[in-house]
There are 2 protein chains.
Amino acid sequence: MKKQEIIELCVEIVDKDGFLNLSVKTIADKLGIKPPSIYKHFPGGLGEIKDALMTYGWQRIDTKIARSAVGKAGENGLKAMCYALREFAHEHPGVFETVCWHNSYTSEQDQEMTKGVIASLYAVLNSLEFSDVQKMHVLRTLRGYVEGFAMLELHGSFGDKVSLDESFSYGVDALISGIMNGGEKICG
Amino acid sequence: MKKQEIIELCVEIVDKDGFLNLSVKTIADKLGIKPPSIYKHFPGGLGEIKDALMTYGWQRIDTKIARSAVGKAGENGLKAMCYALREFAHEHPGVFETVCWHNSYTSEQDQEMTKGVIASLYAVLNSLEFSDVQKMHVLRTLRGYVEGFAMLELHGSFGDKVSLDESFSYGVDALISGIMNGGEKICG
DNA sequence: GCCATTAAACTAATAACATTAGCAAGGAGG
DNA sequence: CCTCCTTGCTAATGTTATTAGTTTAATGGC
């Protein structure tokens, strides 16, 4: 039983029952072993497992986002990446919860881990005419919107009378259009 | 010792040490009593306390957001509310964490509680020419952006080379401009 | 084939926490 | 003065994370 396999079982646990249900006990049950045996694989205990799951999550997100923008530049690349990140949140709600949440307790490392994702985003941003500072603004803005929207919809905070897909598209379009127009008003 | 006073001590705990540090023990310590005594005030235990804290948080947010938009219509009202919500997150990081996160486990009630905030936002949206569906899109988009941005900055996920205030303004401007222009590109 | 090492499981024990049950002090109102 | 309600307490239970020490089975060198 390799670390990687255990982490993949953790993915199943959190995607099915939520991040709060990830405990030494639930993992041990899923593995068919007793809780203390977990410590042979992860001496750092639950904390180390959560860290590993977060890292694994970021890697998956990185891969998915990078692929989504292959062959796309500028505006279209940015949109594709936004959609890809939300899609990941739907496919792996528990992992998404983990990367959103667990990072509050290891924030130094977090920046290292998001570098992969940021690198992909930067590659697309480089196809546009933005200053370095502007690129950072764009990146933070998009990340804030997509992670915030996905978090809220996963938590059921939005109701469902109006289509969530349409709301998301609306927001992405508004955001990208606002960014491309440099925040100016439409002519006159 | 009234319920309300206990909740206000909980606000101090979470704002100082984070939502994860809110336990029956930490509350009892702060009150100078033993853990079991807490159950005389909140028979539902920690869950009831967290629910009460979330409700209290939403009330405070509602008040702050509603006040921020007094005398402002349309675009300016929307911007003021975005800034007010982020400001609340800075003033009460723990409470903000609570309303963002704890709702995952009581999502039915959550929609009830956010109605106050939504009512204020709707009042401002009514000063614009949007359809009901569009209003809902705008509301979700703004909430997603502001909650997401605030959550990420509170978790230290953004680094600090570039000013967070500037990034936030940039995003709000882009978003509002995109919304007001109906997602269209600038002339020609 | 045999022994030593190591990996990976186990049981037993400890500590922290939430929670329940039952008891006790003190004040409010008759 | 007695009663009840509030609000505290201690004692006990159950769950979880974790550590220590033991055992079992496989692996690698001889």
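# Notebook: two chains, two DNA strands

**Interface of A and B.** I began with polar contacts between the protein chains: 14 residue pairs, both partners at pLDDT 80 or more, make them between chain A and chain B. For a polar contact I took N or O atoms within 3.5 Å; within protein, one must be able to donate a hydrogen and the other to accept it, and residues adjacent in sequence count only through two side-chain atoms.

The model is predicted, and I kept its rules: local features need pLDDT of at least 70, side-chain atom pairs need pLDDT 80 or more, and totals for chains, interfaces and linings use all residues. Residues are numbered from 1 along each chain as its sequence is written, chains are lettered from A and ligands numbered from 1 in the order written, and side-chain values use heavy atoms, with hydrogens and water left out.

I then looked for salt bridges across the interface of chain A and chain B and found zero. My cut-off was a side-chain nitrogen of Lys or Arg within 4 Å of a carboxyl oxygen of Asp or Glu.

Which elements give two or more residues to the side of chain A that touches chain B? They are α6 (93-101), α7 (107-113), α9 (132-154) and α10 (164-180) of chain A. The largest share, 15 residues, comes from α9(A). I took helices (H or I, at least four residues) and strands (E, at least two) as DSSP runs, numbered from the N terminus.

I sorted the residues on this side of chain A by class: 20 nonpolar, 20 polar and eleven charged. Nonpolar here means Ala, Val, Leu, Ile, Met, Phe, Trp, Tyr, Cys and Pro; charged means Asp, Glu, Lys and Arg; the others, Gly among them, are polar.

**Extent.** I counted 51 residues of chain A in contact with 51 residues of chain B (heavy atoms within 4.5 Å). The buried area between the two chains is about 4700 Å², and carbon and sulfur atoms give 62% of that. That is accessible area (1.4 Å probe) lost by two parts on being put together, summed over both. In chain A, Trp101(A), Arg140(A) and Tyr170(A) lose the most area to chain B, together 17% of what that side buries.

**Symmetry.** I laid chain A on chain B by least squares on the C-alpha atoms of residues with pLDDT of at least 70 in both. The RMSD is 0.0 Å, after a turn of 180 degrees and a shift of 0.0 Å along the axis. That is the relation of a two-fold axis. The same surface serves both copies, as 100% of the contact residues of chain A recur in chain B.

**DNA strand C.** I found 14 residues around DNA strand C, the closest being Lys34(A), Ser37(A), His41(A), Lys25(B) and Tyr39(B). A residue counts as near if one of its heavy atoms lies within 4 Å. Of the strand C atoms within 4 Å of the protein, 69% belong to sugar or phosphate and the rest to bases.

I checked phosphate oxygens next. One lies 2.7 Å from a side-chain N or O atom of Ser37(A). Polar backbone atoms also reach phosphate oxygens of strand C: Lys25(B) at 3.0 Å and Leu46(B) at 3.0 Å. Elements that give two or more residues to this surface are α3 (38-41) of chain A, with α2 (24-31) and α4 (45-68) of chain B. By class, the surface near strand C has seven nonpolar, four polar and three charged residues.

**DNA strand D.** Of the 14 residues around DNA strand D, Lys25(A), Tyr39(A), Lys34(B), Ser37(B) and His41(B) come nearest. Sugar and phosphate account for 62% of the strand D atoms within 4 Å of the protein.

How far is the side chain of Ser37(B) from a phosphate oxygen of DNA strand D? I read 2.7 Å, to an N or O atom of that side chain. Backbone N or O atoms give 3.2 Å for Val24(A) and 3.0 Å for Leu46(A). Here α2 (24-31) and α4 (45-68) of chain A, together with α3 (38-41) of chain B, give two or more residues each.

**Folds and salt bridges.** I logged ten helices and zero strands in chain A. Its C-alpha atoms fill a box of roughly 70 × 40 × 30 Å along the principal axes.

My search of the whole structure gave 22 salt bridges over all chains. I looked up the one between Lys30(B) and Glu12(B), at 3.4 Å, N to O. It links distant parts of the chain: Lys30(B) is in helix α2 of chain B and Glu12(B) in helix α1 (residues 3-17) of chain B, 18 residues apart.
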